[in-house]
Amino acid sequence: MRLDQRDSYARSMETVVTDVEQDGDAVWVTLDTSVFYPTAGGQLHDVGMLLHAGGEARVVDVAVDKEAGGVVRHRVEGTQPGVGDAVRGEIDWDRRYRHMQRHSAQHLVSQAFLHVNAAFETRSVSLASPEVTIDFAGDPGDEDVTAAFALARGWAYDDLEIRAFEVDDADLGAYPLRRPPKVQGRIRLVQMGDVEIAACGGTHLARTAEMLPLLAVGRQRIRGDLTRVSFLAGWEAQALAQSLLEDVDALARSFSAGREDVPARVEALRSELQAVRFAHVRALSAWAEARVGGNAAQVNDGVLHLRVDAPEGTLVRDALAAMAEAASKLRPDVVTILGAVEEARATVLVQVGAERVRVDARTILKAALDVIEGRGGGKPDRAQGSGSDASQLDAALDAAARAAAEQVASARQDA
Ligand SMILES: [Zn+2]
């Protein structure tokens, strides 16, 4: 007999073992009477203990065997009881109650969306974690979510009675079911006040107020033209709200400010960061222009090659990019080859001035990468790569400079 179906608030039972099956490493126990809910209809199974004269067994899984006429089987670990033994079963009530809150709330939320718009049909649900999700048809928007949760919360505050009862499938026409049954014969219905009625075999709260608070936490479009709405209910919603509040308070303390000042403080930090970034970019480009201008005397046959030390606190990548920008602006007549070392890797950048047509930065880069065992690529006017043999950077820059000089000379002849 399934006590879980008769009284969802029953937490324990006294019964006897009717069967014990070994299935590989797993031991499954069948009981004459059980309060344990088996995984079904999206609601997760109970866990708990079976206490007997020989010791204790933990119930770690509960499944219903449809082929064996709906027999409920309990997977146990620990000291298993034998057939005929008297046992006392106790479920993990906290876990069960959370599941009842999630599941009962999902009924009301699904019904509330239908009230907002008949197109918002529930297509699937997930009750496996504190964040319950429902996938809706009909593309509900943010305003629909707000309206539906206001409605569901109102029904919860009305503290409606929730009751489950069985009818013959021949009599189903008398009930305006939101969801048709998946089984035949005797059908179990659940009714919440006069707002929700559906065929359901799960465990439910006794009254709708027990699912409060209800906290909507997300809406996203997913594949198949569905919209996934996430929420938390009851104890789990309360715990989330409490922990978010504590996070905000910790943040407020770090600013030596009040909770309500946190958004303004974060906004001020963001503008400050933007100003600092802007100043940094300007300083870096001034530094790069000074470096390029200061090395004008090193330009040889239209080629400048330089080893660069990035200013402190600046990434090599950013320093090289700033140098390349400065070179393209100040020396359109020059092929600029830049090299730098960071964390034992050598990086080479080739920038071809706009006046140096028919010179390809990529073939010049390749001459350098062959020396430092590197990889890279880019466009005809700018190419970049890096390699692991940083000790050969100077040789690589020389090789690239020779390749560049050849290209410049041959382009000059063509012209
Ligand atoms: Zn249900």
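**A zinc site and its neighbouring strands**

At 9% relative accessibility, Cys200 counts as buried, a label for residues under 20% relative accessible area, with over 50% called exposed and anything in between partly exposed (1.4 Å probe, protein chains only). The model is a predicted one, in which local features need pLDDT of at least 70 and side-chain atom pairs count only at pLDDT 80 or more, while totals for chains, interfaces and linings use all residues. Residues are numbered from 1 along each chain as its sequence is written, and side-chain values use heavy atoms, without hydrogens and water.

Cys200 offers its SG atom to the zinc ion, alongside the NE2 atoms of His103, His107 and His204, at 2.0 to 2.1 Å. Donors here are N, O and S atoms within 2.8 Å of the metal (3.2 Å for Na, K and Ca); water is not among the atoms, so sites may look incomplete. The angles among the four donor atoms run from 98 to 123°, and the site is tetrahedral, a term that for four donors requires all angles to lie between 85 and 135 degrees. For reference, the ideal angle for four tetrahedral donors is 109.5 degrees.

Read along the sequence, the donor residues follow the spacing H-x3-H-x92-C-x3-H. Distant parts of the chain are linked in this way: His103 sits in helix α2 (residues 93–116), and Cys200, 97 residues apart from it, in the loop between β11 (196–199) and β12 (214–222). Helices (H or I, at least four residues) and strands (E, at least two) are DSSP runs, numbered from the N terminus. His103 is also buried, with 3% relative accessibility.

Strand β11 leads on to its partner β10, to which it is joined by four bridges in the antiparallel sense; strands pair if DSSP finds at least two bridges between them. Within this pairing, Leu189 has Ala199 of β11 as its bridge partner. The hairpin of β10 and β11 has three residues between the strands, and Gly193 adopts a positive phi near 50° there. On strand β9 (residues 162–168), seven antiparallel bridges connect to β10, and Glu166 stands opposite Arg188 in β10. Strand β10 (residues 186–192) has five of its seven residues buried, so it is largely enclosed by the rest of the structure.

As a whole, the protein chain contains eight helices and 18 strands. Its C-alpha trace spans about 100 × 50 × 50 Å along the principal axes, and buried residues make up 40% of its 415 residues.

Notes:
Tetrahedral: all angles 85-135°; square planar, octahedral: opposite > 155°, others 65-115°.
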